[in-house]
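Here are some short exercises to work through, each with a solution. Have a look at the model first, then try each task before reading on.

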Amino acid sequence: MNAGKLANYTNVKAQQLWKTLYLCAKESPTRRFHALYDKVYRPDILAEAWRKVKRKRGSGGIDGQTIEKIVDEYGERKFLNELYLELKENRFRPKPVRRAYIPKGNAKSRPLGIPTIKDRVAQMAMKMVIEPIFEADFQDCSYGFRPKRNAHQAIARIRKASKKSYWVVDVDIKGYFDNINQDKLLKLIEMRISDRRIVKLIRKWLEAGIMEDGHFRDSVTGVPQGGVISPLLSNIYLNVLDSLWLKKFAHLGQIVRYADDFVIMCRTKSQALKSIRVLKGIMKKLDLTLSAEKSRLVNIWDDSDGFDFLGLHHRKFPVLKEGNYKIYLMSHIPTKKAMNRMREKIKEFVAKNHKLTLEMDELIKGLNRRLQGFKNYYLISPIAKRWLDEIDWYVIGRLTIFWNRKRNKRHKISSMSEVSKRTKYKLVKLAH
């Protein structure tokens, strides 16, 4: 990454601060930064942080304050002035996060810790100040929650590495976010930041605790998923893995990491087995554990097996050339879990009773936004069309049910074109 690839800041001064801190950190990898705290409560930084939090919306924390209430009732200027004074006068006290759960599949759920709006804005301001310093240290093999990096780039790296790799170590860290050692994380932060007020405030967020069903619980380990600054903190912690691997163990295989999910692409089985032993050693130093149930060693020599990563199943498929299937190319198709999740989201959007008040045009307009998102992400290889074609037919089925319920008819819409004829908006086709 270079200094020109900045996060999407609308404030020029905030953008310039990001660039300056990044260049300083890149120029001197051992430099420790002080006098950063005053930049966290700088009015233009807080204003930019508020814009970012406001844009992402989201629900409120334990205090009941929401973005809508701040905008419509409390007042944005009053809110930011209060936060500015609390930070400047060292009166800011993070509140416990509100525990919420989101469906994960297989009847399981993922715990989220939702901070208050005030904590979210303060965390965003903190992230804007310290992110460029650590971004200068992060390795090229890391793609998750970083400026100008995304999952498709990680997949492209896997595709390139697969040309000379025949074994994949597919790794899952057991309860990663809940088991991060907070003391070790803070020591890693202190290696780059000597401003005690910065470290103290991050510690307060880590130790703020969790409120669930009216009961308070201490958070002695981990980083709450849902916090604005949590992805950055998790990347700082696993940068130890990235740096150690690239410095000492790169000969064993290429590591590709997206947040806490990563794979190692190896040429031989012996390299893959050595990689597993090395990973266990590094995880032990980080007080983490590999999940024995979800971690796998996969042979990708041919099309007999593959692995799941970032919502896609990666496997080598035979290619027809001169009448024979000879060449194997790495292709990426939606996983079974991703296919089910797409169906669930489509059904949830179309099947709600209040949607019956909508005309078909309005329904399709809203549905298209979701379908376009699926298409942009999952249609990254020609072979994926076969799987996305199933989703296209599922959409037709759900729209048929919607039409029948709305018109109280039993007539079935038989084709995509027939749906389009009834509407101003064309339905997005995933497989085309």
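**Exercise 1.** Find how many residue pairs are in polar contact across the interface of domain 1 and domain 2.

*Solution.* One residue pair is in polar contact there, with both residues at pLDDT 80 or more. A polar contact is a pair of N or O atoms within 3.5 Å; within protein, one must be able to donate a hydrogen and the other to accept it, and residues adjacent in sequence count only if both atoms are side-chain atoms. Next, helix α7 (residues 151–161) gives the most to the side of domain 1 that touches domain 2, with three residues. Helices here are DSSP runs of H or I, at least four residues, numbered from the N terminus.

This is a predicted model: local features need pLDDT of at least 70, side-chain atom pairs count only at pLDDT 80 or more, and totals for chains, interfaces and linings use all residues. Residues are numbered from 1 along each chain as its sequence is written, and side-chain values use heavy atoms, leaving out hydrogens and water.

**Exercise 2.** State where the two domains lie in the sequence and how many Å separate their centres.

*Solution.* Start with the bounds: the domain assignment, automatic or from a database, gives 3–234 for domain 1 and 333–423 for domain 2. Then take the centres over C-alpha atoms, which are 35 Å apart. Finally, each domain brings four residues to the contact (heavy atoms within 4.5 Å).

**Exercise 3.** Identify the contacts of isoleucine 130 beyond its neighbours within four places in sequence.

*Solution.* Setting those neighbours aside, isoleucine 130 touches Ile193, Ile198, Ile202, Ile229 and Leu232.

Key: Helices (H or I, at least four residues) and strands (E, at least two) are DSSP runs, numbered from the N terminus.
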